[in-house]
Amino acid sequence: MALSRLSSRSNTFLKPAITALPSSIRRHVSTDSSPITIETAVPFTSHLCESPSRSVETSSEEILAFFRDMARMRRMEIAADSLYKAKLIRGFCHLYDGQEALAVGMEAAITKKDAIITSYRDHCTFIGRGGKLVDAFSELMGRKTGCSHGKGGSMHFYKKDASFYGGHGIVGAQIPLGCGLAFAQKYNKDEAVTFALYGDGAANQGQLFEALNISALWDLPAILVCENNHYGMGTATWRSAKSPAYFKRGDYVPGLKVDGMDALAVKQACKFAKEHALKNGPIILEMDTYRYHGHSMSDPGSTYRTRDEISGVRQVRDPIERVRKLLLTHDIATEKELKDMEKEIRKEVDDAVAQAKESPIPDASELFTNMYVKDCGVESFGADRKELKVTLP
Amino acid sequence: MAALLGRSCRKLSFPSLSHGARRVSTETGKPLNLYSAINQALHIALDTDPRSYVFGEDVGFGGVFRCTTGLAERFGKNRVFNTPLCEQGIVGFGIGLAAMGNRAIVEIQFADYIYPAFDQIVNEAAKFRYRSGNQFNCGGLTIRAPYGAVGHGGHYHSQSPEAFFCHVPGIKVVIPRSPREAKGLLLSCIRDPNPVVFFEPKWLYRQAVEEVPEHDYMIPLSEAEVIREGNDITLVGWGAQLTVMEQACLDAEKEGISCELIDLKTLLPWDKETVEASVKKTGRLLISHEAPVTGGFGAEISATILERCFLKLEAPVSRVCGLDTPFPLVFEPFYMPTKNKILDAIKSTVNY
């Protein structure tokens, strides 16, 4: 097996002559889990710790899975965009396209016992944790079969059996929660860690530093991941942060800066972080990433950044294209196979959307359920305290 | 006239309220929507006092609701500036600025996000004058936040937190119902020598259009207004809810019920006398607000009116409010105190 040093940033890729060979000589893609080592394009930068090695252990199976999962996430976000414009999704919708490498890279390094908690940009994180497309679309459209039974919406996806503690609306509020999860994991000797994700905007919230101090004091297995997509809604990082080196802001807490558009780099960093957190306590990971859409569907995304910048990133750093090049240069799959895979995924997503459209909206009585624990006997009053009185289920 | 604020004087001086007693309601002006009216008020405030500042998240380019458009260009980045994403820090910073004799006009992007700043407002802003024996105060502080349902806001873009703040002696809480009111009330709040929380009904930012006089005018605080006269029942509300209540009043009139509608405008301290006089006339009271009914500000109004008008009441005080649930996503139409719920309550109160 040839090891190739890849510069995944370059636009040229070597078209192997191998495509001409008969299929019996070519590797069979999906079942090959023999190890390949790939070098990350961008080195890690560290603060108060050693950088992990740039050589990432992976396999053809894994890289192909990255491609498939990221393509699925990308298609899902684009479908969500159309559904929102068709007014089938109401409220707020924050899309993750461009940042998919983070979700898949992280999953590759951890287990479902490790917890993830994130902000409102949570659709792909949910899928990464094993969530089904139809559950995601149902929740987006507020249907009963959604992952939060239609009561949460876009910003509040959860998946208990995969330790996904969800999407949160208030910026930065999920960080202390994440540190609390880490405390529980340490207390229960779970040998698991918690990844608390937040953005560059949330990095200026006071509660982050409070939680970080406590985590460091008590050596909690908490990994704080700053998804630095360079814009907090419309504000660029240089306009909101005195020190935009978010991985260093922990001061006494070690940090690592990672190329968040490279799924393999993300995997390596998360693996490193998990080992570190279990032994030494909290660590901050700053993922240098980018979102193609605006902050939410109400934001065109082009008033605070140029279209050239967006298309530039798409051309040079797109996570799916990187993995596609890897697959082609390592001859793990042909272009046609990848295109077919994308077509299949497109159909998968369309089917999920169609299925979700058919599901019913929750019953009106659900308005009162799950406020308190069941059978708490609490009364809730309707518009006029005399007419509508409900004992909460 | 009020070169209002002595520019040479270090202390903030405030114009007398007779200024606001001018009958603004009959003046004509340009038709403006709510965010434009607020924008005009802010332009005037910054123009008339060189020591006033507007800051908050994203206000530099005009804000997410365009209320601060043109301010940074006209008054400079030193007076109109963006802050990082930290509400507690923003309000605390504003209190400090106000304590040095400046007018700090803080914007909290959505009222739903005001809670990190709650400690600063309740424990610092409200008590500053009191605990320092009047040596210091942060009267120049005005906090503006869009509140209320918008049709698809969900849990965190639709809340009405006014009741939490009405429970805090030391601050004022003001909610306008329309563009003309908003401009006058906002200028009064900014110039009021006490810290004020000003909630703007976001649903009306574009929806409500009204003739707004172009000059500088103020509408007095703590004065409720009877916007519709009637004899059978008194309805009290504020903000966007008044439009819904007005619809209910029109429908009730078709059924022969004459409704008196009062806009409270200032919730803390509220104009008890106007409401009392009205209820003594009609004998019935109905209060409506979007916030959940239990512990909502309607409870305070109800209890006070009961004390003052017990023998004149013909029926129990009715509260038509949001349900006791978190502000829901898909269930918003069930949660809201709609016109029909109000109409039902009017009828059952009148027929008690």
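Leaving aside its neighbours within four places in sequence, which residues is A:Asn229 in contact with? In this predicted model, the partners are A:Gln99, A:Arg121, A:Asp200, A:Thr289, A:Tyr290 and A:Arg291. Let's take a walk outward from there.

**The annotated site**

UniProt lists A:Asn229 under "binding site", together with A:Asp200 and A:Tyr231. These residues are spread over 32 residues of sequence, yet they cluster in space, with a largest C-alpha distance of 7.0 Å.

A:Asn229 sits in the loop between strand 6 (222-228) and strand 7 (231-232) of chain A. Its relative accessibility is 5%, so A:Asn229 counts as buried, the limit being under 20%. Its side chain also reaches the side chain of A:Gln99 in a polar contact of 2.9 Å.

A:Asp200 belongs to another loop, the one between strand 5 (194-199) and helix 6 (206-217) of chain A. With a relative accessible area of 2%, A:Asp200 is buried. Not counting residues up to four places away in sequence, A:Asp200 touches a run of residues that includes A:Asn228, A:Asn229, A:His230 and A:Tyr231. Its other contacts include A:Thr237 and A:Tyr246. A polar atom of the A:Asp200 side chain lies 3.5 Å from the backbone nitrogen of A:His230.

**The sheet behind the loops**

Strands 5 and 6 of chain A, which come just before these two loops, are members of an open sheet of 6 strands with the order 2-9-10-6-5-4 and mixed pairing. Strand 2 (45-47) and strand 4 (115-117) of chain A stand at the edges; each has a single partner strand, so one side of each is left without a neighbour in the sheet. From one strand to the next, the twist averages 20°.

Inside the sheet, strand 5 and strand 6 of chain A pair in the parallel sense over 6 bridges. If you would like one to look up in the structure, try A:Phe195, whose bridge partner in strand 6 of chain A is A:Ile223.

Helices lie across these strands too. Helix 5 (residues 174-187) of chain A lies across strands 4, 5 and 6 of chain A, and runs at about 170° to strand 5 of chain A. Helix 8 (residues 263-280) of chain A lies across strand 5, strand 6, strand 9 (255-259) and strand 10 (283-288) of chain A, running at about 170° to strand 10 of chain A.

**A link to chain B**

A:Thr235, in strand 8 (residues 235-236) of chain A, has a contact in the other chain. A polar contact of 2.9 Å joins its side chain to that of B:Asp58. Within chain A, A:Thr235 is in contact with A:His230 and A:Ser240. A:Thr235 counts as buried, at 12% relative accessibility.

**Aromatic pairs**

Over all chains, the count comes to 23 aromatic pairs. Here are two of them.

| Pair | Arrangement | Centre to centre | Between the planes |
|---|---|---|---|
| A:Tyr290 and A:Tyr292 | tilted | 6.4 Å | 55° |
| B:Phe65 and B:Phe110 | edge-to-face | 5.4 Å | 70° |

B:Phe65 lies in the loop between strand 2 (52-56) and helix 2 (71-75) of chain B, and B:Phe110 in the loop between strand 4 (103-107) and helix 4 (118-125) of chain B, so their pair ties together parts that are 45 residues apart in sequence. B:Phe110 is buried, at 9% relative accessibility. In the chain A pair, A:Tyr290 is buried at 3%, and A:Tyr292 is buried at 6%. A:Tyr290 also brings us back to the start, as one of the contacts of A:Asn229.

Conventions. Residues are numbered from 1 along each chain as its sequence is written. Chains are lettered from A and ligands numbered from 1 in the order in which they are written. This is a predicted model: local features need pLDDT of at least 70, side-chain atom pairs count only at pLDDT 80 or more; totals for chains, interfaces and linings use all residues. Side-chain values use heavy atoms; hydrogens and water are left out. UniProt positions are given in the numbering used here, feature names are shortened, and annotations may be inferred rather than shown by experiment. Helices (H or I, at least four residues) and strands (E, at least two) are DSSP runs, numbered from the N terminus. Buried means under 20% relative accessible area, exposed over 50%, partly exposed in between (1.4 Å probe, protein chains only). Contact means heavy atoms within 4.5 Å. A polar contact is a pair of N or O atoms within 3.5 Å; within protein, one must be able to donate a hydrogen and the other to accept it, and residues adjacent in sequence count only if both atoms are side-chain atoms. Two strands pair if DSSP finds at least two bridges between them. Axes are lines fitted to C-alpha atoms, for helices over the stretch in contact, and angles run from 0 to 180 degrees between N-to-C directions. Rings of Phe, Tyr and Trp (its six-membered ring) pair if their centres lie within 6.5 Å; planes under 30 degrees apart count as stacked, over 60 as edge-to-face and the rest as tilted.
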